[in-house]
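Open the model in your viewer and keep the selection panel at hand. The stops below say what to select and what is there.

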Amino acid sequence: MNRTLSICISALMAGLSTSAFTQTTALPQGVEWLSNNNEPLFASQDAIRGGTLRTFMASFPQTLRSVGPDANSGLRHYFMDGAPKLAQRHPNTGKWIPQLATDWAFSEDNKTVYFKLDPNATWSDGEKITADDYLFMLTYYRSKDIVDPWYNDFFSTSIIDVIKVDEYTIAVETAVEQSQDALMVLINMPSNGFQPRPKHYFADEKDANNDGMVDNFVRKYNFKSEPTAGPYYLDKVKKGKSVTFKHVGEKWWGYSNRYYQNRYNVDKVRITVIRDFDIALKHFEKGKLDYFDFVLPEYWHGKSDSQGFKDGYIQKFWGFNQTPQGAGGLWMNTAQPLLDDINVRKGIMHATDYDGMIKNIMRGDYSRKPHGLGFGHGQYDNPTNKAPEFDPQLAAEHFAKAGFDAIGSDGIRINKQGQRLSFAITYGYNAWTPRIAFLREQAKLAGLDFTLNLVDGSSAFKYILEKKHQLAFLNMGSGEIPSYWEYLHSDNANKPQTNAHTNYSSPELDKLIEAYDAEFDQAKRYQLSYQIQDYVTQANIIVPGYMVPYSRAAHWRWVQYPENPMTKQTESIFHPMDIGSFWIDPSLKKETQASMKSDKTYTPVSFVDDRFKL
């Protein structure tokens with residue numbers, strides 16, 4: 001469908017009341033319903049329900065909304081990315097398994113998918129989840145009140161309609177013909193937000209307008225959360241200090257689904273703000289936090305030898321995964337002075353020593369992305385992609401072509417106007433400072449100066465979304481199929497609150513992206529993906545960053561996990577909304593605390609699950 005026409009239709013539909021979407025339709029004859037309850041389970045029958053998981057975050061989120069300004073960070077994984085979709089790929093076999101839908105079927109038009117909703121599914125406030133909540137979802141995401149252009153567009157130009165068949169059956173109509181697998185990916189991608197929204201909750205709001213939304217949505221819901229379909233709902237908020245999520249309980253609807261059994265085992269999750277990682281580590285070592293992510297090499301190799309580790313009270317875990325890696329590295333904001341010059345960008349490409357940083361700062365634990373748009377997307381990734389090599393001499397040649405052909409007294413290049421070749425790198429965590437400091441020292445070899453612009457936690461992402469950065473040190477998440485429109489299409493360039501972090505726009509690239517989004521033939525879609533990646537390589541707008549193909553943490557010995565703890569898709573072994581197969585053993589906690597008082601020790605444990613190591 002023409003994008004302009006789609007947007008016009010969207011505007012018309014957004015102005016209609018929700019009753020406009022409550023029409024029902026009959027199922028076509030011969031619909032073949034599919035399901036899958038035969039895949040192997042990945043949780044443990046030994047899991048114990050109960051207890052409070054105590055963890056931390058480096059900064060309090062800008063918002064508790066899952067959409068709208070500043071929502072693409074913070075606690076979003078609890079509210080959206082980790083919440084149930086209609087279906088999900090099994091994390092090991094890759095086959096589709098039920099979540100909020102028990103069955104699905106495909107139309108002959110290659111655009112429409114039918115879903116039977118699980119009649120057991122309820123919101124965290126006890127209300128049933130029905131087809132009307134999916135119809136209201138369109139109103140919600142198409143509303144300008146949410147102030148979120150990405151969702152406005154996706155639910156207008158990619159998702160054309162959601163139609164009610166009956167109370168527990170819906171039809172989802174997409175914009176373009178795609179294979180059955182691609183349709184399921186589009187509808188069930190973790191980050192695209194295709195999940196019901198509680199119509200009853202907004203209908204009860206006194207400020208609701210005639211389409212069911214509230215005009216002051218962004219302000220009113222900034223620190224207020226909606227009912228959820230997931231196992232945990234937001235229970236307590238202490239602004240600036242902590243948030244606590246509480247389990248819906250044993251009667252959570254998900255436990256009627258075999259794939260959810262023995263998962264999400266803790267009763268509460270308390271997340272406290274601790275702004276400094278070293279201070280947080282001290283809290284952990286004193287037993288005030290139950291686990292501590294040791295993804296950072298300097299923590300794993302240099303700070304995991306305290307007495308608690310030696311005495312066996314604290315254990316180490318390292319598990320490998322095969323998750324898709326999102327776009328990221330060093331994003332160049334081409335709307336900023338000098339960065340619109342391709343020779344400057346080419347110079348930055350070869351003056352940024354990511355490989356040296358991985359080797360010297362990251363202890364070789366991380367690996368390099370072959371392309372700035374990510375990796376791990378199967379046949380969508382061009383196998384010839386290769387990250388640029390650090391080459392100060394080549395970088396200097398490009399800088400000279402851009403007019404920076406003289407060297408100042410401090411070793412930094414200058415042009416005829418006396419401008420220094422200097423750019424600020426914006427980043428969000430103090431723990432990253434040694435990495436960027438290394439890049440800065442190496443860049444000097446090419447006469448380039450990187451300055452360090454540390455912006456606290458979630459504020460850094462806000463700063464980048466508002467396009468205030470020159471260079472952004474940032475990695476984004478990813479689904480199994482690469483998404484290009486949000487990062488690279490001209491519709492998003494030079495607009496705040498979009499993921500177009502480079503502000504780059506090109507009519508030729510727009511056409512490739514539009515063709516990619518509209519292509520039905522899978523082989524042709526792969527080729528378009530290659531062309532987009534090649535175009536971005538030639539544009540020199542993202543220095544490919546690093547990948548972290550594992551989950552690594554330290555935990556107190558009362559935090560337990562299955563015999564085979566990792567799946568191919570486990571990103572964080574102890575994150576409650578990831579696979580969620582860990583649990584807290586109260587008897588082990590009592591035993592450990594008693595042992596600490598009596599000086600009884602245990603054999604140190606460092607567990608490695610390398611079944612999915614590439």
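Domain bounds here come from an automatic or database domain assignment. The model is a predicted one. Colour the chain by domain: domain 1 covers 33–38 + 59–229, domain 2 covers 276–321 + 549–609, and domain 3 covers 327–547.

**Stop 1: domain 1 against domain 3**

Show domain 1 and domain 3 together. Their centres, taken over C-alpha atoms, are 32 Å apart. Domain 1 brings 21 residues to the contact and domain 3 brings 20 residues. Between them the two domains bury about 1700 Å², and 54% of that is on carbon and sulfur atoms.

Next, look for charged pairs across this interface, where 2 salt bridges are found. Select Arg 89 and Glu 480: they form a salt bridge, with 2.6 Å between the closest N and O atoms. Domain 1 and domain 3 also have 4 residue pairs in polar contact.

Now hide domain 3 and look at the side of domain 1 that touches it. Two elements, α4 (149–158) and α5 (180–188), give two or more residues to this side. Of the elements, α4 gives the most, with 3 residues. By type, the residues of this side are 9 nonpolar, 8 polar and 4 charged.

**Stop 2: Thr 174**

Select Thr 174, which is in strand β7 (residues 169–174). Is Thr 174 buried or exposed? Its relative accessibility is 0%, so Thr 174 counts as buried.

Turn on distances around the side chain of Thr 174. A polar atom of that side chain lies 2.8 Å from the backbone oxygen of Lys 111. The side chain of Thr 174 also reaches the backbone oxygen of Val 176, at 3.4 Å. Leaving aside residues up to four places away in sequence, Thr 174 touches Lys 111, Ser 158, Ile 159, Ile 160, Leu 183, Leu 186 and Ile 187.

**Stop 3: helix α11**

Select residues 342–351, helix α11. Why is α11 described as largely enclosed by the rest of the structure? Buried means under 20% relative accessible area, and 8 of the 10 residues of α11 are buried, so the helix is largely enclosed. The buried residues include Arg 345 and His 350, along with Val 344, Ile 348 and Met 349. At the N-terminal end of α11, Asp 341 acts as a cap, with a side-chain oxygen 2.8 Å from the backbone nitrogen of Asn 343.

**Stop 4: salt bridges**

Side chains of opposite charge can pair when their charged atoms come close. The count of salt bridges comes to 23. Three of these pairs are worth selecting in turn.

- Asp 132 and Lys 164 form a salt bridge, the closest N and O atoms being 3.2 Å apart. Asp 132 lies in helix α3 (residues 131–142) and Lys 164 in strand β6 (residues 159–166), so the pair ties together parts 32 residues apart in sequence. Asp 132 is partly exposed at 22% relative accessibility, whereas Lys 164 is buried at 16%.
- Asp 405 and Lys 416 form a salt bridge with closest N and O atoms 3.6 Å apart. Asp 405 is in the loop between α13 and β15, and Lys 416 is in the loop between β16 and β17. Asp 405 is partly exposed at 45%, and Lys 416 is exposed at 71%.
- Lys 444 and Glu 441 form a salt bridge at 3.1 Å. Lys 444 is partly exposed at 35%, and Glu 441 is partly exposed at 44%.

Finish by selecting Asp 70, Lys 462, Glu 466 and Lys 468, which are joined into one network by salt bridges that share partners.

Definitions and conventions: Residues are numbered from 1 along each chain as its sequence is written. This is a predicted model: local features need pLDDT of at least 70, side-chain atom pairs count only at pLDDT 80 or more; totals for chains, interfaces and linings use all residues. Side-chain values use heavy atoms; hydrogens and water are left out. Contact means heavy atoms within 4.5 Å. Buried area is the accessible area (1.4 Å probe) that two parts lose on being put together, summed over both. A salt bridge is a side-chain nitrogen of Lys or Arg within 4 Å of a carboxyl oxygen of Asp or Glu. A polar contact is a pair of N or O atoms within 3.5 Å; within protein, one must be able to donate a hydrogen and the other to accept it, and residues adjacent in sequence count only if both atoms are side-chain atoms. Helices (H or I, at least four residues) and strands (E, at least two) are DSSP runs, numbered from the N terminus. Ala, Val, Leu, Ile, Met, Phe, Trp, Tyr, Cys and Pro count as nonpolar, Asp, Glu, Lys and Arg as charged, and the others, Gly among them, as polar. Buried means under 20% relative accessible area, exposed over 50%, partly exposed in between (1.4 Å probe, protein chains only).
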